[in-house]
Amino acid sequence: MAGKETNNIMDKLVSLSKRRGFIFQSSEIYGGINSCYDYGPLGIEMKKNIKELWWKAMVYERDDIEGVDASILMHPRVWEASGHVEGFTDPLVDCKKCKNRFRSDLLEDTSKCPRCGGELTEPRNFNLMFKTFMGPVEEDAAVVYLRPETAQGIYVNFHNVREAARKKLPFGIAQIGKAFRNEITPGNFTFRTREFEQMEMQFFVHPSEDEKWFDYWMEERLKWYQRLGIRKEKLSFHEHGPDELAHYAKKAFDIQYEFPFGWQEIEGIHNRTDFDLNRHQEYSKKDLRYFDDVKKERFIPYIIETSIGCDRTLLTTLVDAYEEEAERVVLHLVPAVAPIKAAVFPLVKRDGMPEMGHKIADDLRGTYRIFYDEAGSVGRRYRRQDEAGTPFCITIDSDSLQHNDVTVRDRDTMNQVRIGTDQLKSYLAEKLSV
Ligand code: GAP
C-alpha cells in the first residue's frame, strides 16, 4: 500500500481514537510525551474486554494453567540471570547532521541517514531496560529495573505456584501486566511504545515434549484471534531465522498481522528451552528442578512461551474493524470486544420517551455497558455509535409507548427489527453472546 494512504488510515484512526475516547496522547496539555498513551472511557472498556477474552481462554477454560501477578520491580540479579543486562540491546546509530537516532538493524541502507542523507555513526549497543533506584540513595548498589517482560516474574515463582496449586507437569502460568522498554524508535501509534501491557503464558514441559507443545500452542494461539473477530487472511506466521532469535530462544514464531504499515508481529511463541530456569538456578543457587515422582526423574523443565501485547492487540482490533462507507465510518468490533454493547435512544425528548428509555437502559445496565443519549438527530446518534463500534442501538418512538416495544438497529447491516421490551434482554443475550 502506498505510504501516503497508509499514513492516512493511521491518522484517521488516531483522530477517531481521540474524538471517541479510545486513546489519548499522554500528558497532552503539556505537549504530550513521546510514545506514551492514555486509554479513555471506550479504550479502557475495550482493553478490559481483550484481557478477559485472553484470561478466559488461557486460564478459565483449562485446568492446566494458573495465574499470577508479580511485581514490576524485581531483584536486580533477576535481570543478570535472564541475560537482559548483557543482551537486551538494540544497535543504535546517530545521524551526525540532523542528530536523529535509528535502529541500524531496521535501516535498509546503513550508509546514510534515511531522513537527511547525513553520515551515520558506527552502531553501538543500547540497553532497552529502564533503570531507577530503590530507596533514598541514587547509587549503583540501589539500581533496579522496570521489567522489560513479565515472563521473569513467572519463572522466579515457578515452584511457589507449582506447590501452592499442586500442579504436575505439563502446566502453565499466565500473567497480565505492564512492561517497559526504552525503545529507540517507538511509533505507529500504540504499536511500539515504551510502556505497554503484556499477556504472557509460560508452559512448563518435559524436555522431550517441547516440539509437541510448541506446535500445540501455535495452533491454539492462532485460533484465539477468531474470538477477537480478526480477519483470518490478515494473519500469518513468521518463523525467526537464526539472526532474529532472542538470546533465550531455540525456536520462535511470530503471529503477524497485516497493518497499513506492513506485516508486523503481534504475538511471539517461543521455545525458551531450560535457559531461564537454568540461569535462575545458577544465579540464585536454589534448586529449580522438577521431580517427577512417577518416573523418579529430576530435571529442569523446558518452557514454551506465548507472549502478546495487550495494547498492540487493541490496535490490531481497531485497524481490522475500521471501515469507511459512503455515509459513515464504522468499527465492526465483535460484541465481546466492543466497549459499549448497546445504546438507548428516545426518538424525541418528550411524550414519555425519555422515561421509557431510562427504564430500558437501567434494566440492561449491570449486565451490559449501556450508553443513553437523547440529544440531537437520531441519525447523528447512530453515526456516533457506529464509530464507537456499538453493535446495537435501541430506539424508543411514539409507537413504543403504546405497544411496549422498541426498534433494535444492527450496526453492521443497519437493519432494524421491532422487539417487545419483555423480549429485549433475551434478544440481546443471544446476539451479544457471539
Ligand atoms: N517474553 C517474551 C517477549 O517479551 P517479545 O517478542 O519481545 O517477547 C512479545 O514481545 C509481545 O509484546 C510482542 O509480540 C508485542 O505484542 C508486545 N510488545 C513488545 N514490545 C512492545 C512495545 N515496545 N510496544 C508495544 N508492544 C510491545
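## Exercises on a predicted protein–ligand model

The protein has 13 helices and 23 strands. Keep in mind that this is a predicted model. Have the structure open and work through the tasks below.

**Exercise 1. Describe the overall build of the protein: its box, its buried share and its domains.**

Solution. Start with the outline: along the principal axes, the C-alpha atoms fill a box of roughly 75 × 65 × 50 Å. Next, look at burial, where 51% of the 434 residues count as buried. The accessible surface comes to about 21300 Å², and carbon and sulfur atoms account for 48% of that surface. Then turn to contacts: among those between residues at least 6 apart in sequence, 66% join residues at least 24 apart. Finally, the domain assignment gives domain 1 (40–77 + 136–320) and domain 2 (340–432). The centres of domain 1 and domain 2, taken over C-alpha atoms, are separated by 40 Å.

**Exercise 2. Work out which residues and elements surround the ligand.**

Solution. First, find the shell: 21 residues surround the ligand, and the closest are Glu149, Thr193, Glu200, Glu265 and Glu305. Second, sort the shell by character, which gives five nonpolar, six polar and ten charged residues. Third, list the polar atom pairs:

- The side chain of Arg181 has an N or O atom 2.8 Å from an oxygen atom of the ligand.
- A polar backbone atom of Thr193 is 2.8 Å from a nitrogen atom of the ligand.
- A polar backbone atom of Gly309 is 2.9 Å from an oxygen atom of the ligand.

Fourth, check the cover: on its own the ligand has 560 Å² of accessible area, and the protein covers 93% of it. Last, trace the shell back to the fold. Strand 10 (195–205), strand 13 (262–273) and strand 16 (302–309) are the elements that give two or more residues. Strand 13 provides the largest share, six residues.

**Exercise 3. Decide whether Ile255 and Arg162 are buried or exposed, and find their neighbours.**

Solution. Begin with Ile255, which sits in strand 12 (residues 251–259). Its relative accessibility is 0%, so Ile255 counts as buried. Leaving out residues up to four places away in sequence, Ile255 touches several residues, including Leu222, Tyr225, Phe237, Glu265 and Ile269. One of these, Glu265, is also among the residues closest to the ligand. His238 is 17 residues from Ile255 along the chain, yet their C-alpha atoms are separated by 6.5 Å.

Now take Arg162, in helix 6 (residues 158–165). Arg162 has 18% relative accessibility, and the cut-off for buried is under 20%; therefore Arg162 counts as buried. The side chain of Arg162 makes a polar contact of 3.2 Å with the side chain of Glu163. With residues up to four places away left out, Arg162 touches Lys167, Phe171 and Tyr290.

**Exercise 4. Examine the backbone at Pro170, Lys99 and Phe189.**

Solution. Recall the background: most residues other than glycine have a negative phi, and most peptide bonds are trans. Now go case by case.

1. The peptide bond from Leu169 to Pro170 is cis, with omega near -5°. Pro170 lies in the loop between helix 6 and strand 9 (171–180).
2. Lys99 is not a glycine, but has a positive phi of about 70°. Look for Lys99 in the loop between strand 4 (89–94) and strand 5 (101–103). Its relative accessible area is 60%, so Lys99 is exposed.
3. Phe189 also has a positive phi, near 60°. Phe189 is in the loop between strand 9 and strand 10, and is buried because its relative accessible area is 10%.

Technical notes: Residues are numbered from 1 along each chain as its sequence is written. This is a predicted model: local features need pLDDT of at least 70, side-chain atom pairs count only at pLDDT 80 or more; totals for chains, interfaces and linings use all residues. Side-chain values use heavy atoms; hydrogens and water are left out. A residue is near a molecule or strand if one of its heavy atoms lies within 4 Å of it. A polar contact is a pair of N or O atoms within 3.5 Å; within protein, one must be able to donate a hydrogen and the other to accept it, and residues adjacent in sequence count only if both atoms are side-chain atoms. Accessible areas come from the Shrake-Rupley method with a 1.4 Å probe; for residues, only the protein chains shown count as cover. Helices (H or I, at least four residues) and strands (E, at least two) are DSSP runs, numbered from the N terminus. Ala, Val, Leu, Ile, Met, Phe, Trp, Tyr, Cys and Pro count as nonpolar, Asp, Glu, Lys and Arg as charged, and the others, Gly among them, as polar. Domain bounds come from an automatic or database domain assignment. Buried means under 20% relative accessible area, exposed over 50%, partly exposed in between (1.4 Å probe, protein chains only). Contact means heavy atoms within 4.5 Å.
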